[in-house]
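Reader: I've got a multi-chain model open on my screen and I'd like to learn how to read it. Could you walk me through it?

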Amino acid sequence: MSGGEKVKVLEETFTRLGVQVSVLDRRVRVIALPESLRKVAEEALSLGFDHLVSIEGIDWPQNNTIEVVYHAESYNDDLRSLLLEIRVRVPRDNPRLESLIDVWPNAILLERETWEMLGVVFEGNPDLRHLLLPPWWSEIPPLRKDYKVQEEGIYVDLE
Amino acid sequence: MRVMNIEGIITWLLKIVLSPQVFAPIVFPGLLTALMVLLIIIWAERKIAARVQMRVGPLYVTRRLGGVLQMLADGARYMFQEFIIPDSADKTPFVVAPVMALTLAIVPFAFIPSAPGFVPIKSQYSLPAVLALISTIPLSVMLMGWASNNKFAIQGAVREAFMGLAYEAVVFLSALAMGLLYGTLDLEEAVTKQWLPGLLLNPIAAFTFFVGMVMSAGKLPFDIVEGEQEIVAGPYVEYSGIIFGIGMGLAYLKLYSLTLIYSILFLSGWNPVITPLYSIYPGLAGIFLFIKSFLLMLFIVFLRAVYGRYRLDQALRAGWRVYLPLSLIAVLLSIFLRVVNIV
Amino acid sequence: MSTSSENGVVYSRLIAKEGDESIYELFIGPQHPSSGHMRFIVRLEGDIIVSVDPDIGYVHRTMEKLAEGREVIKAIPLLERMTIIDSHNVTLGLVLALEKLLDVEAPPRAQYLRVLLSEINRISSHLYGLGIAGIMLNHSTMFMWAFGDREVWIQLAEDLTGARLTHTYSVPGGVRRDMPQAFPERAEKAIRYMERRLKDYMEIFLDNPQVRSRYEGVGVLKKSEASRLGIVGPNLRASGVKYDARLAEGYAAYPDLEFEIPMREDGDCLARMQVRVEEIRQSMSLIRQVIKKLPQGPIFAEKYTRLLPPAIRQQVAQTGQVKFPGIFASLKLPEGDAVSRVEMGHGEIFYHVTGAGSTKPYRLRVVTPSFRNVILFRYLMPGHRFMDFPAIYGSLDYFPPEGDR
Amino acid sequence: MSCPFSMLLIGNLDHTARRAAQWLVEKTPIRSLRDWAISFSLWPVHFTTSCCGAEFAAASAPRFDAERFGFLPFNSPRQTNLLVVEGTLTKKMGEAAKIVYDQMPSPKFVIAMGACAIDGGLFYNSYNIVRPKDILPVELYIPGCPPRPEAVARAVIMLQEKVRKGEWRREG
């Protein structure tokens, strides 16, 4: 099955799940809701995306949400050049998501990092503790936009 | 007592100094040459390893002599460095254990003959005595590991105990095989009995004794006791200053006394004795014994540039499954040779 | 508690309960000859490792947060410091993502030069890995030989780009330097020297019976577990999975160069080392092909050289050294995001750049191969002997600054 | 000193011995021997802090062989007298650096290698960075990002001269 048909098969399966699907250059983007996240993940696993590349949190203070982006990848030959992207939006003040450890085992460290950097709590993750930051870290999660870092004062932004 | 004039005192002193009881253990194959060998061998080890590894090794200490005094600089630095006794360590054994280990490594020189008739303590059982003394060194190393009360040191002490079991029996059996072959347990007689070097008479015993020697001195590929990559420095983790210098020199002193025994038992000791030198002063006649053991040490030290490190269980399995039966076969071989009274 | 999922992958086996005397806990700490700049909390039962908890973050230099606070072009030297021994492959991922966002295309000669420097860096990164694996077995000769021969490739990279390790060679739109005249002969000499040396490596290291007994059957990573855990790089290919980002993405000039992916089936430490040595040979043949097939032409995108004043444009064409137009200081990233995957020496690096119309990227996500390999320490080590720990650590070629970002 | 035996052995004997040793070591012949020995046996502890470690390893690799100056990276802090902070010092690693420095026996030196170790370098505005000069008494700074192995060799030679001239910090 060449890349093209594979993408169409992906598209149909996901649209059946009732989530918004769009295809960019070799990237299948799925906009899911926190409730349907597990279903989409299990579907992706059965399709062949058997491991996660990254869990990324993007902080959107304007519309008060944190967007958690999952990238899944597969090593078998037909899905190799494709990348599955699952985007979920969670409220910024109390970001809670379901942990996907039993679907994708290598999510255990990625979830710890996202929790540490953006404060997204993954229920069900056995040990949600600091991974990169020093254990005595007390301030707010650093990758949030309102955690200010000393700016480059050399010259004014050329906006 | 007649009045001692100056010459009498001097000649009396000279007689004492040059007597085998004092000269052998202190000067020739004993302490002074051991320290000199310590300096040269460690420098040679770093230079050989450097030459194999496409680099130069210690050089700028003494530019023209190729950095010979590097070990002197390291030793002097240890001398002047602060000696830390950690609070958690058990004070007295922490300090006494390395000193005890050093004495146990030096005491065997009291039994090692350096020329025919020139032996500090004349006894029929000098071979088992020397081996017994050398086999007590692991006990003091274990005490060092235990006294410094540090997790890595305790791991190192346990490894020393394990390794002790692996090579002790092998070294003893192959040495006693040679004793059986020569019909005597006295090192001096063993040399006189060797019309052919022991290596050719009983090669199996020579091989097992050699491997046991490498294991006991902790040289690569059996560098397991101070496995740097697993347990930082083994029993020597908490030691700093001159006591660590002693600990580091200990392995080389043990290797030196073992190579002396090896060359006596297997390489026919000091045999091509230089008769003119012997008539002047017997002590220095055994220069060939020193040369053979020095060359043997150079070879063992060269192994560092070739091998990595075996795992502890691989070393134990090799010790018990391969070298122990081999040394038993060596004993049988020497019994057979004894019956055929080849010696 | 010990929890395991149904398809046989046990992901957390913290068996030790408090007060359990039989468990001996060792801190292979940040200062330890075999742990590099990270810490392992190793629990031992006798000589058998019960569990390993990698405690990383000792070199966490907050790359993603700093990249958000700086202009885009400054993110390249910043992110290059993650893996300084394989720096071009790191920045190549970022540059490809930026090129997708700014929709600019590097000219063919620049594509080939990118492959050239990527392969030189891959060889020096593999030699670094071989050296570290050697010193982990206290085999100092392997360390010295690997690091000595690595200088050959660092010198080659220095002739090409002017810097030993931090080249910042690729920029959105092309590369900064053209290939000097005497480069092909020097590269050919280096390749012939390295082929001879690789035979010596096999004799003293990989075929040395002592090293073989330490490596064979140790740290076996099964094929299913490797792909389930998302392991990357030679560790993956040594377990029988034929995957390489260069084939999957087909970036730079790789589609029209022939190279095969070395692979092993048994997935133990020896297989990983053999795959690395094989990949050095592949990279050398790639360098030969690039030098043979290097097309003529500009090395910087037309879209930006147009903005240069004609005098400087003439000078760039002659000297082969690119001058940046003024716009580079404030490249505006359009709305939208871009993704890129590049095959580094240690494995596949993943970039996800989100632009929001300002000169600074809104969010720059990078997942490095070592970060994806960290999970291996949790699975591979339990069950082995304590003295296998450095052997497995050395064979995984883990580089902490890259893992911590 | 709990048990009486060690009181006998060490007791006030220790105090007088320490003062005598201090006086003796300060006399010129012994002092110059000590400074010569320390300068030619600078053993850095195996403590790679961050990416400058690659250039530090290249400094003791065959091409820029630092062992010519007696510069032998050793593994335990107890037996070494030089701590080279290679590159960025994060907060977590800063704690470890402080502990390792305290474990080293007294005549000890610190070299800060790389721009990040001097004043944060490329990561000056990161929230996870500590300047080595705030937590360790630094003797020498090596500029460069990463400094070339020749710069590391030059730093070793400068430290050797400094030690031989006796200008290094006198403490302990």
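Author: We'll go through confidence, sheets, helix pairs and interfaces in turn. This is a predicted model, in which local features need pLDDT of at least 70 and side-chain atom pairs count only at pLDDT 80 or more, while totals for chains, interfaces and linings use all residues. Residues are numbered from 1 along each chain as its sequence is written, and chains are lettered from A and ligands numbered from 1 in the order in which they are written.

Reader: Let's start with trust. What is the mean pLDDT of chain A?

Author: The general idea first: where pLDDT is low, the predicted coordinates should not be read in detail. The score is the predictor's confidence in each residue, from 0 to 100. Chain A has a mean of 86, with 93% of its residues at 70 or more. Chain D averages 85, and 91% of its residues score at least 70. For the complex, the predictor gives an ipTM of 0.90 and a pTM of 0.92.

Reader: Where in chain A is confidence lowest, and where is it highest?

Author: The low end is helix H1 (residues 3-16) of chain A, with a mean of 78, and the high end is strand S4 (residues 65-73) of chain A, at 93. Those labels come from DSSP runs: helices are H or I with at least four residues, strands are E with at least two, and both are numbered from the N terminus.

Reader: Now sheets. In what order do the strands of the chain A sheet lie?

Author: Strands of a sheet pair through backbone hydrogen bonds, either parallel or antiparallel. Here two strands count as paired if DSSP finds at least two bridges between them. In chain A, 5 strands make an open sheet in the order S1-S2-S5-S4-S3, and the pairing is mixed. Strand S1 (20-24) and strand S3 (51-60) of chain A are at the edges with a single partner strand each, so one side of each has no neighbour in the sheet. On average, neighbouring strands are turned by 20 degrees against each other, direction ignored.

Want a spot to zoom in on? S1(A) pairs with strand S2 (residues 27-32) of chain A in the antiparallel sense over 5 bridges, and A:Ser22 has A:Arg29 in S2(A) as its bridge partner. Then look for helix H3 (residues 107-118) of chain A, which lies across S3 and S4 of chain A and runs at about 10 degrees to S3(A).

Reader: And which strands form the open sheet in chain C?

Author: That one has 3 strands in the order S3-S4-S5, with antiparallel pairing. Strand S3 (24-28) and strand S5 (48-55) of chain C are the edge strands; each has a single partner, so one side of each is left without a neighbour in the sheet. Strand S4 (residues 39-45) of chain C pairs with S5(C) over 7 bridges, in the antiparallel sense. Within that pair, C:Arg39 stands opposite C:Asp55 in S5(C). Helix H14 (residues 369-380) of chain C packs on this sheet, touching S4 and S5 of chain C, and its direction makes about 155 degrees with that of S5(C).

Reader: On to helices. At what angle do H4(C) and H11(C) cross?

Author: Two packed helices are described by the angle between their axes and the distance between the axes. Axes here are lines fitted to C-alpha atoms, for helices over the stretch in contact, with angles from 0 to 180 degrees between N-to-C directions. The axes of helix H4 (residues 108-136) and helix H11 (residues 269-293) of chain C come within 9 Å and cross at roughly 155 degrees. That makes H4(C) roughly antiparallel to H11(C); angles under 35 degrees count as roughly parallel, over 145 as roughly antiparallel, 65 to 115 as roughly perpendicular and the rest as oblique. By class, their contact has 12 nonpolar, 3 polar and 5 charged residues. Ala, Val, Leu, Ile, Met, Phe, Trp, Tyr, Cys and Pro count as nonpolar, Asp, Glu, Lys and Arg as charged, and the others, Gly among them, as polar.

Reader: Which pair in chain B can I set beside that?

Author: Try helix H13 (residues 242-266) and helix H15 (residues 287-302) of chain B, whose axes come within 9 Å and cross at roughly 120 degrees. That makes H13(B) oblique to H15(B). Among the residues making the contact are B:Leu255 and B:Tyr256 of H13(B) and B:Leu289 and B:Lys292 of H15(B).

Reader: Last one: how many residues of chain C are in contact with chain A?

Author: Residues are in contact if their C-beta atoms, placed from the backbone, lie within 7 Å. By that rule, 35 residues of chain C touch 31 residues of chain A. The chain C side divides into 13 nonpolar, 14 polar and 8 charged residues. Against chain B, 23 residues of chain C are in contact with 24 residues of chain B. The largest share of that side of chain C, 5 residues, comes from H5(C).

Key
Two residues are in contact if their C-beta atoms, placed from the backbone, lie within 7 Å.
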